[in-house]
Amino acid sequence: MVSFYKKICSRKAICSKISDLPKPVVFTNGVFDILHRGHVTYLAQARALGASLVVAVNTDESVKRLGKGDDRPINSCEDRMAVLAALESVNAVVPFDEDTAQAIVRECRPDIYVKGGDYDMTAIPEGKEVLAYGGRVMAIDFEYDRSTTALLNKVRRFR
Ligand SMILES: Nc1ncnc2c1ncn2[C@@H]1O[C@H](COP(=O)(O)OP(=O)(O)OP(=O)(O)O)[C@@H](O)[C@H]1O
Ligand SMILES: O=P(O)(O)O[C@@H]1O[C@H]([C@H](O)CO)[C@@H](O)[C@H](O)[C@@H]1O
């Protein structure tokens, strides 16, 4: 097995894994369907806010409920997690099946919770949860105007 696969953790094991990671632990979540420059820059910046970075990834069923499109996700949760685990910035990856990452955040209580600048950190359930237990929340501004949806639209124009 390639060594980065060890970063992929089950939901059951993630809190214990987080307790063993160097502190402060930064946590984020998302779909990360087709990884692009915006994502990898964002993840590197998130990691730099602490000593380790954990990424919770929406399961395929959970992505379907987000309404990004009938054909989404393009890449399976297993594949999306493997690509994220291969990144130097990422220390652990875990799937989650709920509509939001509020429950997993409540269970694991990371030190710092981050999302991209497209989210209002005090309005989203995960942000409220972290603030309630005294953790820090941070939004990272978009440095590159990229998105999976824009990439897919570009590909579709060439079909
Ligand atoms: N260009 C970008 N710059 C910085 N952060 C980003 C960028 N695009 C997405 N993010 C962040 O990465 C995380 C995962 O985002 P997501 O998978 O929704 O990306 P996306 O490319 O916008 O996808 P989609 O087009 O399917 O909505 C989110 O926290 C989001 O805020
Ligand atoms: O990749 P996305 O669409 O940014 O990921 C979603 O983020 C939501 C956000 O944390 C606000 O609650 C989350 O609820 C959703 O499950 C996706 O992870």
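Start by selecting Thr149 together with ligand 1, where an N or O atom in the side chain of Thr149 is 2.5 Å from an oxygen atom of the ligand, a polar contact being a pair of N or O atoms within 3.5 Å. What you have open is a predicted model, in which local features need pLDDT of at least 70 and side-chain atom pairs count only at pLDDT 80 or more, while totals for chains, interfaces and linings use all residues. Residues are numbered from 1 along each chain as its sequence is written, chains are lettered from A and ligands numbered from 1 in the order in which they are written, and side-chain values use heavy atoms, with hydrogens and water left out.

Stay with ligand 1 and select Lys68, which has a polar side-chain atom 2.6 Å from an oxygen atom of ligand 1, and then Arg146, whose backbone offers an N or O atom 3.1 Å from a nitrogen atom of ligand 1. Ligand 1 exposes 600 Å² when taken alone, and the protein buries 93% of that (accessible areas come from the Shrake-Rupley method with a 1.4 Å probe).

Next, show the whole shell of ligand 1, which has 17 residues, the closest being Lys68, Arg72, Asp118, Thr148 and Thr149; a residue belongs here if one of its heavy atoms lies within 4 Å of the molecule. Colour α2 (37-48), β4 and α7 (148-157), the elements that give two or more residues to this shell, and note that α2 gives the most, with three residues. Helices here are DSSP runs (H or I) of at least four residues, and strands (E) are runs of at least two, numbered from the N terminus.

Now move to ligand 2, and select Lys68 again: an N or O atom in the side chain of Lys68 is 3.0 Å from an oxygen atom of ligand 2. Add Lys115, where a side-chain N or O atom is likewise 3.0 Å from an oxygen atom of ligand 2, and Asn29, with a polar side-chain atom 2.9 Å from an oxygen atom of ligand 2. Of the 420 Å² of accessible area that ligand 2 has on its own, the protein covers 85%.

Around ligand 2 there are 15 residues, with Val31, Asn58, Asp99, Tyr119 and Glu126 the closest, and the elements that give two or more residues to this shell are β1 (25-30), β4 (112-116) and α6 (125-132).

Finally, select residues 27-132, which UniProt lists, in an unreviewed entry, as "domain: Cytidyltransferase-like"; such annotations may be inferred rather than shown by experiment. Over this range the chain is 41% helix and 20% strand, and the end C-alpha atoms are 16 Å apart.

How values were computed
Polar contact = N/O pair within 3.5 Å; in protein donor to acceptor, adjacent residues only side chain to side chain.
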